[in-house]
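Please read these points with the coordinates open. They cover enclosed space, one helix, charged pairs and backbone angles.

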Amino acid sequence: MNLESLRDFCIALPGVTEELPFGPDTLVFKVRGKVFLLTPLDGSKTQFNAKCDPEKAEELRETYSDVKPGYHMNKKHWNTVYVTGSIPSETLFSWVKDSYDLVVASLPKKDREELHSATG
């Protein structure tokens, strides 16, 4: 995984927008206006913050040395993931999708139904 493949994956998800609300150095992905992933644009290495179920967040931190509590985020619900090659890309993309799904699940029923119908 690199920044380009991370971006491509995120924007391919239904209802996703990308923004720079914190300035030019942090790319933020939202679904229906709610953040599900942030990634810095100014580093030489890829990393991202993803929302996570609190129990799973702790489990991932204990299992993977490249998963830390969310930097500048609620550490109970967010992880910072450093992309070093130690975790397979498929696993990383599944965590991104999990983050997206958590946010979608918190949306009003009408929004969830619209997103679901957009996926066919």
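1. The lining of the largest cavity consists of Ala-50, Lys-51, Cys-52, Lys-56, Leu-60, Val-67, Asn-79, Val-81, Trp-95 and Asp-98. S4, helix H2 (54-63), strand S6 (78-82) and helix H3 (89-105) are the elements that give two or more residues to this lining. Helices (H or I, at least four residues) and strands (E, at least two) are DSSP runs, numbered from the N terminus.

2. The model is predicted: local features need pLDDT of at least 70 and side-chain atom pairs count only at pLDDT 80 or more, whereas totals for chains, interfaces and linings use all residues. Residues are numbered from 1 along each chain as its sequence is written, and side-chain values use heavy atoms, with hydrogens and water left out.

3. The largest cavity has a volume of about 80 Å³, and the count of cavities of 30 Å³ or more comes to one. A cavity is a set of points, on a 1 Å grid over the protein atoms alone, where a 1.4 Å probe fits but cannot get out; a pocket is an open set with protein on both sides within 12 Å along at least five of seven lines; lining residues have an atom within 4 Å of a point. Grid points are joined across faces, edges and corners, and the volume is the space filled by probe spheres set on the points.

4. How do the residues lining the largest cavity divide into nonpolar, polar and charged? Six are nonpolar, one is polar and three are charged. The classes are: Ala, Val, Leu, Ile, Met, Phe, Trp, Tyr, Cys and Pro nonpolar; Asp, Glu, Lys and Arg charged; the others, Gly among them, polar.

5. The largest pocket holds about 210 Å³ of space. Its lining is made up of Phe-22, Thr-26, Leu-38, Thr-39, Pro-40, Gln-47, Phe-48, Asn-49, Tyr-71, His-72 and Met-73. Strand S3 (34-40) and strand S4 (47-51) each contribute at least two residues to that lining. Here the division is six nonpolar, five polar and no charged.

6. H3 has 17 residues and spans 24 Å from its first C-alpha to its last, close to the 24 Å expected at 1.5 Å a residue; the expected span is 1.5 Å times one less than the number of residues. Buried residues in H3 are Leu-92, Phe-93, Trp-95, Val-96, Ser-99, Tyr-100, Val-103 and Val-104. Buried means under 20% relative accessible area, exposed over 50%, and partly exposed in between (1.4 Å probe, protein chains only). An α-helix has 3.6 residues a turn, so residues three or four places apart point the same way. Of the buried residues in H3, Trp-95 also appears in the lining of the largest cavity.

7. The structure holds nine salt bridges, each a side-chain nitrogen of Lys or Arg within 4 Å of a carboxyl oxygen of Asp or Glu. One of them joins Arg-7 and Glu-18 at 2.6 Å, N to O. Arg-7 lies in helix H1 (residues 3-11) and Glu-18 in strand S1 (residues 16-19), so this pair ties together parts that are 11 residues apart in sequence. Arg-7 is partly exposed at 31% relative accessibility, and Glu-18 is partly exposed with a relative accessible area of 31%. A network of salt bridges links Arg-7, Asp-8 and Glu-18.

8. Which residues meet Arg-32 in salt bridges? Asp-111 does so at 3.0 Å, N to O. Asp-111 lies in helix H4 (residues 109-118) and Arg-32 in the loop between strand S2 (26-31) and S3, so the pair ties together parts that are 79 residues apart in sequence. Glu-114 meets Arg-32 at 2.8 Å, N to O. Glu-114 is also in helix H4, so this second pair ties together parts 82 residues apart in sequence. Asp-111 counts as buried at 19% relative accessibility, while Arg-32 is partly exposed at 34% and Glu-114 is partly exposed at 33%.

9. Arg-112 is found in helix H4 and is partly exposed, with a relative accessible area of 33%. The C-alpha atoms of Arg-112 and Arg-32 are separated by 9.5 Å, with their positions 80 residues apart along the chain counted as the spacing. Not counting residues up to four places away in sequence, Arg-112 touches Val-104, Ala-105 and Leu-107, where contact means heavy atoms within 4.5 Å.

10. Two backbone angles deserve a look. Phi of Arg-32 is near 50°, a positive value in a residue other than glycine. Phi of His-72 is near 60°, again positive in a residue other than glycine. His-72 lies in the loop between strand S5 (67-69) and S6 and counts as exposed at 66% relative accessibility.
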